[in-house]
Amino acid sequence: MEFKTLLLEVTGAVAVVTINRPDKLNALNAQVLDDLDACFSHLGTDDAVRAVVLTGAGEKAFVAGADISQFTKFDAQGAAAFARRGQDVFNRIEQLGKPVIAAINGFALGGGCEIAMACHIRIASANARLGQPEVGLGLMCGFGGTQRLPRIVGMGNALELLTTGSHITAERALMIGLVNQMVEPGEALAAATKMAGVISKQAPNGVRLSLQAALATDAHLAEGLELEVELFSQTFETEDLTEGVSAFLERRRPDFTGR
Ligand code: COA
């Protein structure tokens, strides 16, 4: 299968999906979301594939977030639709019925950290940087970060990341459980592919049902995601959003007023 913004390579029972916009650090625009949706629906129905690795093209980034250049054209309604679309695609990944391992080869920021959290397992190279920097742009997470981060790293760590917007090192991410494994720079894809190989030798029904049972402990996830969409869209009615996004695009520091 061919996609505008993804590469899909299947070797044996392991599929590797690479988000392929390296000049924009693999930022997620509407086309990438459409491609991920189509790719993961295909992988869900392909019985020959038993485990999936998701990574980003290039040396520098896994995914540097949602595509900030799209934000200038959204009103609150458009922002809500964009967040809902991202959440639906990420839910499709989480509900694939086969393990998806994120091979985090560099920056995993904003939507990049959020898509990694929708994957079931995360392996980061030692030079990776993770975080939710949305508050520095005048917005907040809209692709599930406010819901999945506390579930993965605990409330204290999650609130620190969500409110400081700081990037953390792979080492800290390992310490707080945001990633399962840290490997040498350049080795994330190989380590993730190796783990996918181990998974692909297990009984597919046992693996699928284990995922289903474990993910069912998240009974309130859907409610939380809907609240996130509502609150995310509110930030698009603020002056700080306009200031934060313009500042990023103009490569200057934002001056927030709280309006
Ligand atoms: N959306 C759109 N474009 C993005 C992007 C994003 N989230 N992240 C990076 N890019 C683009 C840059 O605009 C730049 O494009 P250009 O070469 O056409 O100007 C290119 O990717 C390279 O990024 P650049 O900022 O020049 O690299 P850097 O090494 O100076 O900084 C980062 C790397 C990751 C620290 C920086 O790109 C960044 O902060 N990105 C945004 C992260 C973020 O806030 N994500 C959450 C979004 S909600």
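In what follows, Ala, Val, Leu, Ile, Met, Phe, Trp, Tyr, Cys and Pro count as nonpolar, Asp, Glu, Lys and Arg count as charged, and the others, Gly among them, count as polar. With that in hand, let's look at the ligand and the two pockets of this predicted model.

Start with the ligand, which sits in the largest pocket. There are 18 residues around the ligand, and those that come nearest are Lys24, Lys60, Ala66, Ile68 and Arg251. Sorted by class, this shell is made up of 11 nonpolar residues, six charged ones and one polar one.

What holds polar atoms close to the ligand's own nitrogen and oxygen atoms? Lys24 brings a polar side-chain atom to 2.5 Å from a ligand oxygen. Ala64 has a backbone N or O atom 3.0 Å from a ligand nitrogen, and a polar backbone atom of Ala66 is 2.9 Å from a nitrogen atom of the ligand. As for cover, the ligand taken alone exposes 870 Å², and the protein buries 71% of that.

Now for the largest pocket itself, at about 910 Å³. It is lined by 35 residues, and Ala64, Ala66, Ile68, Leu137 and Phe248 are the closest to its centre. Three elements, β6 (107-109), α3 (111-118) and α10 (239-249), each supply at least two residues of this lining. The largest share is that of α10, with four residues.

The second largest pocket holds about 310 Å³ of space. Of its 15 lining residues, Glu94, His120, Ile152, Leu215 and Asp218 are the closest to the centre. Here α3, α4 (145-153) and α8 (204-215) each supply at least two residues, and α8 gives the most, with four residues. Helix α3 turns up in the lining of the largest pocket and again in that of the second largest pocket.

Here is the make-up of the two linings, side by side.

| Pocket | Nonpolar | Polar | Charged |
|---|---|---|---|
| Largest pocket | 19 residues | eight residues | eight residues |
| Second largest pocket | seven residues | three residues | five residues |

To pull the ligand site together: Ala66 is among the residues that come nearest to the ligand, makes a backbone approach of 2.9 Å to a ligand nitrogen, and is one of the residues closest to the centre of the largest pocket. Ile68 is likewise listed both among the residues nearest the ligand and among those closest to that pocket's centre.

Definitions and conventions: Residues are numbered from 1 along each chain as its sequence is written. This is a predicted model: local features need pLDDT of at least 70, side-chain atom pairs count only at pLDDT 80 or more; totals for chains, interfaces and linings use all residues. Side-chain values use heavy atoms; hydrogens and water are left out. A residue is near a molecule or strand if one of its heavy atoms lies within 4 Å of it. A polar contact is a pair of N or O atoms within 3.5 Å; within protein, one must be able to donate a hydrogen and the other to accept it, and residues adjacent in sequence count only if both atoms are side-chain atoms. Accessible areas come from the Shrake-Rupley method with a 1.4 Å probe; for residues, only the protein chains shown count as cover. On a 1 Å grid over the protein atoms alone, a cavity is a set of points where a 1.4 Å probe fits but cannot get out, and a pocket is an open set with protein on both sides within 12 Å along at least five of seven lines; lining residues have an atom within 4 Å of a point. A molecule sits in a cavity or pocket if more than half of its atoms lie within 2 Å of its grid points. Grid points are joined across faces, edges and corners, and a volume is the space filled by probe spheres set on the points.
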